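Dear colleague,

I am handing over the structure we spoke about, and below it I have set down what was found. Please read the notes with the model open beside them.

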Amino acid sequence: MIRQAMWVLGLVLTGGALLAPWWFAGQGLPMALPLTGTGFWDYPGIATVVGKTLLVGLLSSLLALACASLIMARDAVALNPARNDVGITFAAPHLAFAIAFLWLFTPYGWFDRLLPFSLPWFEQQSLVTLITILVIKETPFLVVMGRQQLGQLPYRQWLLQGQALGTAPDRSWWLVVFPAWLRAMRLILFAVAIYSVAVVDLAQVAGPLNPPLLAPLIVSWQLQFDAVSQSLAAQGTWLLIAFGVVMVVAFYLLERSLTKLIGWRIGSRVKPAVTRIAAAATHWFSFTARGIFVVVSCMALVALVALSLGRGWFYPQVLPQVWNFEHWLERSGDALTLATTTLGLALATATLATLMIVWLREWQRYRSYELADAWLLLALFVPQLSLVVAWLASDWSTFMSSTYISVLVAHVWFSFAYGYLVYAPAERAVTQIHLSVGRSLGYRYWHSWWWFKRPLLHSALAHCFMVTFLVSVAQYVPTLLLSAGRLPTLTTELVAVSSGGEWQLPALYATLLWLIAFSALMLTQITRKKRVLR
């Protein structure tokens with residue numbers, strides 16, 4: 001009886017935490033639609049805003065998918081999908097990486113001083129720069145998640161069967177494994193595409209300004225309190241949701257088209273020379289792309305540290321006049337406060353989100369009832385900005401006891417979906433036999449889980465905690481809007497100080513942000529290695 005009551009209590013708490021934000025979103029979702037005659041389409045440059053926003057979302061997502069597919073092709077053929085070669089790029093916070101990228105590649109940056117030629121296609125704030133940053137950051141995410149999804153498929157048997165039929169391994173990947181892998185990645189691709197079309201922080205730092213993309217424009221309208229701006233923000237929210245639907249439909253049609261196209265190619269003859277050339281090109285691209293990710297990420301971190309420590313770094317000097325820690329010492333008080341707030345929020349978010357994920361998976365196992373992943377990941381399929389704007393118009397703040405709790409709940413809610421993506425496939429692969437053994441020995445359910453099942457999920461739990469931690473560290477829109485600027489973090493302050501002409505302070509905040517994320521990655525790897533050694 002007590003055990004059943006505990007399950008019911010856990011279900012009420014977890015279900016309430018997951019469903020309440022949707023209730024607030026429905027309550028606060030504005031009814032002002034961006035129809036003709038409302039004045040929305042008369043806003044200066046709105047057509048350009050729409051075109052640029054869709055271009056960034058589609059192009060960055062497609063390029064990231066193409067890069068990830070080629071990397072996965074080489075990994076699968078080599079029968080080695082568990083490599084950690086993109087970990088440093090995966091863990092790098094988007095904003096910190098963007099600041100470093102701008103300092104490295106844009107005019108008057110470090111490479112412009114080092115190289116005998118300039119890189120004119122990377123402007124300080126442009127579509128090309130933003131798309132490049134998104135591709136570099138989204139590709140490792142797709143590779144990491146793709147390797148996990150690939151591990152759930154019997155791809156080795158499929159490749160061996162194709163080889164037994166006389167098909168080269170590389171060709172077997174594209175004809176047999178790739179369609180199944182793409183189908184398994186469907187929800188993840190939807191999330192990446194919607195993030196790309198609705199990104200705010202990166203678009204403010206590296207995207208075009210005149211006019212900006214739609215999401216940053218909605219934020220600027222939302223932060224103005226006149227009736228016209230609020231009406232524009234409300235209508236823009238619906239347009240952003242429509243863009244999310246467009247991205248989902250586009251990538252679903254892409255998946256179906258690729259699957260049919262590949263199906264038509266099965267049984268067709270290909271010259272061996274063509275197959276060898278394609279395999280060599282795939283191998284070359286995979287090796288080069290991984291090298292670029294690692295090298296650029298390492299250079300970016302070095303550039304941030306150098307920029308934060310250098311004084312008197314005037315163009316075209318390759319190195320600053322003086323290296324010192326004075327700027328770090330001068331800003332240590334503010335930086336420490338921001339870092340403490342960021343770290344505290346991230347730790348609390350990761351702990352709560354991981355506990356919710358573990359409990360929900362065990363409840364599904366206990367009840368022998370599997371919830372569809374799409375329902376649990378629904379937060380990834382709606383633009384984050386649209387949800388936060390709806391919360392602001394609802395009774396969200398009334399039900400939250402403090403600003404900190406309001407921001408924490410939002411962080412946990414958004415982090416939950418990413419953590420579930422990481423943990424659920426690994427948990428499904430573990431049978432309940434070890435848990436049953438513990439129960440047969442007289443242990444209670446959670447005692448059995450802790451001593452018999454948890455060790456088998458040690459790596460998945462560590463990765464789940466790390467991912468939810470990193471998602472919390474990167475949160476910008478919920479932190480800024482729900483706290484009304486009263487709870488500054490390294491992420492929100494980094495966007496604020498990046499709008500000026502100073503490089504040193506953004507580099508300092510970006511370095512701290514990167515070090516926090518990198519520490520989480522290193523602790524995860526150390527924990528995994530210790531477990532393996534045992």
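For the aromatic residues, rings of Phe, Tyr and Trp (its six-membered ring) are taken to pair if their centres lie within 6.5 Å. With that in mind, Trp22, Trp23, Phe24, Trp391, Trp396, Phe399, Trp413 and Phe414 form one aromatic cluster. Please bear in mind throughout that this is a predicted model.

As for the overall picture, the protein chain contains 25 helices and two strands. Its radius of gyration is 24 Å, close to the 24 Å that the globule rule gives for 534 residues, so the chain is as compact as a globular protein of that length. Along the principal axes, the C-alpha atoms fill a box of roughly 70 × 65 × 55 Å, and 52% of the 534 residues count as buried.

To return to the aromatic residues, the structure holds 32 aromatic pairs. One of them is formed by Phe101 and Phe122, whose rings meet edge-to-face, at 5.3 Å centre to centre and with 85° between the planes. This pair links distant parts of the chain, since Phe101 belongs to helix α4 (residues 94-105) while Phe122 lies in the loop between α5 (110-114) and α6 (127-150), 21 residues apart. Both Phe101 and Phe122 are buried.

A further edge-to-face pair is made by Tyr445 and Trp446, with 5.5 Å from centre to centre and 75° between the planes. Are these two residues buried or partly exposed? Tyr445 counts as buried because its relative accessibility is 6%, and the cut-off for buried is under 20%. Trp446, by contrast, has a relative accessible area of 35% and is therefore partly exposed, as that class runs between 20% and 50%.

There is also a charged residue placed over a ring: Arg454 lies over the face of Trp450, at 4.0 Å from the ring centre.

Finally, you may wish to look at the surface, where Leu114, Leu115, Phe117, Val318, Leu319 and Trp323 form a nonpolar patch with about 550 Å² of accessible area together. Within this patch, Leu319 is found in the loop between β1 (310-311) and β2 (322-323), and at 48% relative accessibility Leu319 counts as partly exposed, because a residue is called exposed over 50%.

With best wishes

Notes. Residues are numbered from 1 along each chain as its sequence is written. This is a predicted model: local features need pLDDT of at least 70, side-chain atom pairs count only at pLDDT 80 or more; totals for chains, interfaces and linings use all residues. Side-chain values use heavy atoms; hydrogens and water are left out. Rings of Phe, Tyr and Trp (its six-membered ring) pair if their centres lie within 6.5 Å; planes under 30 degrees apart count as stacked, over 60 as edge-to-face and the rest as tilted. Helices (H or I, at least four residues) and strands (E, at least two) are DSSP runs, numbered from the N terminus. Buried means under 20% relative accessible area, exposed over 50%, partly exposed in between (1.4 Å probe, protein chains only). A charge sits over a ring if NZ of Lys or CZ of Arg is within 6 Å of the ring centre and within 35 degrees of the ring normal. Patches are made of residues with over 30% relative accessible area and no salt bridge: like charges are joined within 9 Å, nonpolar side chains (Val, Leu, Ile, Met, Phe, Trp, Tyr) within 5 Å. Accessible areas come from the Shrake-Rupley method with a 1.4 Å probe; for residues, only the protein chains shown count as cover. A salt bridge is a side-chain nitrogen of Lys or Arg within 4 Å of a carboxyl oxygen of Asp or Glu. The radius of gyration is taken over C-alpha atoms; the globule rule is 2.2 Å times the number of residues to the power 0.38.
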